[in-house]
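Welcome! Please open the sequence and the 3D view side by side, and work through the exercises with a pencil in hand.

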Amino acid sequence: MNTQSSASEQLDEELVLRVQQGDKKAYDLLVIKYQNKIIQLVNRYLKDPSEAQDVAQEAFIKAYRALDSFRGDSAFYTWLYRIAINTAKNYLISRAKRSSNGDVDIQDAEVFENALQLHGMDTPEKLLINQEILEAIKSAIDGLPEEMRTAIMLREFDGMSYDDIAEVMDCPVGTVRSRLFRAREAIDQKLKPLLENGEFR
């Protein structure tokens, strides 16, 4: 663990302790620190920014109510991520009867671009190929089984370590490695036709 992440986790521990001792303002600081990450995480499941805001808020409320039972066995943010993912899944189940929009969300482009470092493509032809690749990646991720999809998103978009993903997903590190391997294999298969056309070099 690097010094920066260690200091961040130590700050979280201090804030959690203050909340558990009745300092509600300390929880506001935790919300401010993590709200953007949690909204982005939830939005990858819901694909609707306004709904993601509401579900993320619900996750923070659930976390606040459960904070007395938090004993620091894992880092606060991995505990919070697990609550957010479960809240998003529960929300998806509750809206399952409504038709879902399978279109590619243009807002995901920046996330994919940052996560997979698809930069430096400035000609119209290359930008078109770039967009095709982003859409292929999104389609591949959306088509993955839920556990593989969660693992790859936490790794590639949130930059979590294997240990942290194992904490969030409540499974052994070996299982995380297996899910990531299979997820990347599936994504590679989707990308192969685009990468083999000779234009994306």
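Below are five short exercises, each with a worked solution.

This is a predicted model, in which local features need pLDDT of at least 70 and side-chain atom pairs count only at pLDDT 80 or more, while totals for chains, interfaces and linings use all residues. Residues are numbered from 1 along each chain as its sequence is written, and side-chain values use heavy atoms, with hydrogens and water left out.

**Exercise 1. Describe the overall make-up of the chain.**

Step 1: Find the elements. The chain has nine helices and zero strands. Here helices (H or I, at least four residues) and strands (E, at least two) are DSSP runs, numbered from the N terminus.

Step 2: Look at burial. Of the 201 residues in the chain, 41% are buried. Buried means under 20% relative accessible area, exposed means over 50%, and partly exposed lies in between (1.4 Å probe, protein chains only).

Step 3: Look at contacts, meaning heavy atoms within 4.5 Å. Among contacts between residues at least 6 apart in sequence, 63% join residues at least 24 apart.

**Exercise 2. Work out how α2 and α4 meet.**

Step 1: Get the geometry. The axes of helix α2 (residues 24-46) and helix α4 (residues 76-94) come within 10 Å, crossing at roughly 40 degrees. Axes are lines fitted to C-alpha atoms, for helices over the stretch in contact, and angles run from 0 to 180 degrees between N-to-C directions.

Step 2: Find the hand. The crossing of α2 past α4 is right-handed. A crossing is right-handed if the near helix is turned clockwise from the far one by less than a right angle, and left-handed if anticlockwise.

Step 3: Name some partners. On the α2 side they include Leu30, Tyr34 and Ile38, and on the α4 side they include Phe76, Leu80 and Ala84.

Step 4: Sort by class. This contact of α2 with α4 has 16 nonpolar, no polar and two charged residues. Ala, Val, Leu, Ile, Met, Phe, Trp, Tyr, Cys and Pro count as nonpolar, Asp, Glu, Lys and Arg as charged, and the others, Gly among them, as polar.

**Exercise 3. Check the length of α4, then examine Ile83.**

Step 1: Compare the spans. The expected span of a helix is 1.5 Å times one less than its number of residues. For the 19 residues of α4 that should give 27 Å, and the end C-alpha atoms are 27 Å apart, which agrees.

Step 2: List buried residues. Among them in α4 are Trp79, Ile83 and Thr87.

Step 3: Focus on one. Ile83 counts as buried because its relative accessibility is 16%. Leaving aside neighbours within four places in sequence, Ile83 is in contact with Ala59, Lys62 and Ala63. The C-alpha atoms of Ile83 and Ala66, 17 residues apart along the chain, are separated by 9.8 Å.

**Exercise 4. Follow the chain from α2 into the next loop.**

Step 1: Start at Asn43, which sits in helix α2. Asn43 counts as buried because its relative accessibility is 12%. Not counting residues up to four places away in sequence, Asn43 touches Asp48, Pro49 and Ala52.

Step 2: Move on to Lys47, in the loop between α2 and α3 (49-66). Lys47 has a positive phi of about 55 degrees although it is not a glycine. With 27% relative accessibility, Lys47 counts as partly exposed.

**Exercise 5. Describe α8 and its surroundings.**

Step 1: Judge the burial. Six of the eight residues of helix α8 (residues 162-169) are buried, so α8 is largely enclosed by the rest of the structure. These buried residues are Tyr162, Asp164, Ile165, Ala166, Val168 and Met169.

Step 2: Add the neighbouring helix. The axes of helix α7 (residues 146-156) and α8 come within 10 Å and cross at roughly 140 degrees. The two helices are therefore oblique to each other. Angles under 35 degrees count as roughly parallel, over 145 as roughly antiparallel, 65 to 115 as roughly perpendicular and the rest as oblique.

Step 3: Visit both ends. Ser161 is in the loop between α7 and α8 and is partly exposed, with a relative accessible area of 31%. Just after α8, Asp170 takes a positive phi of about 55 degrees. Asp170 is exposed, with a relative accessible area of 61%.
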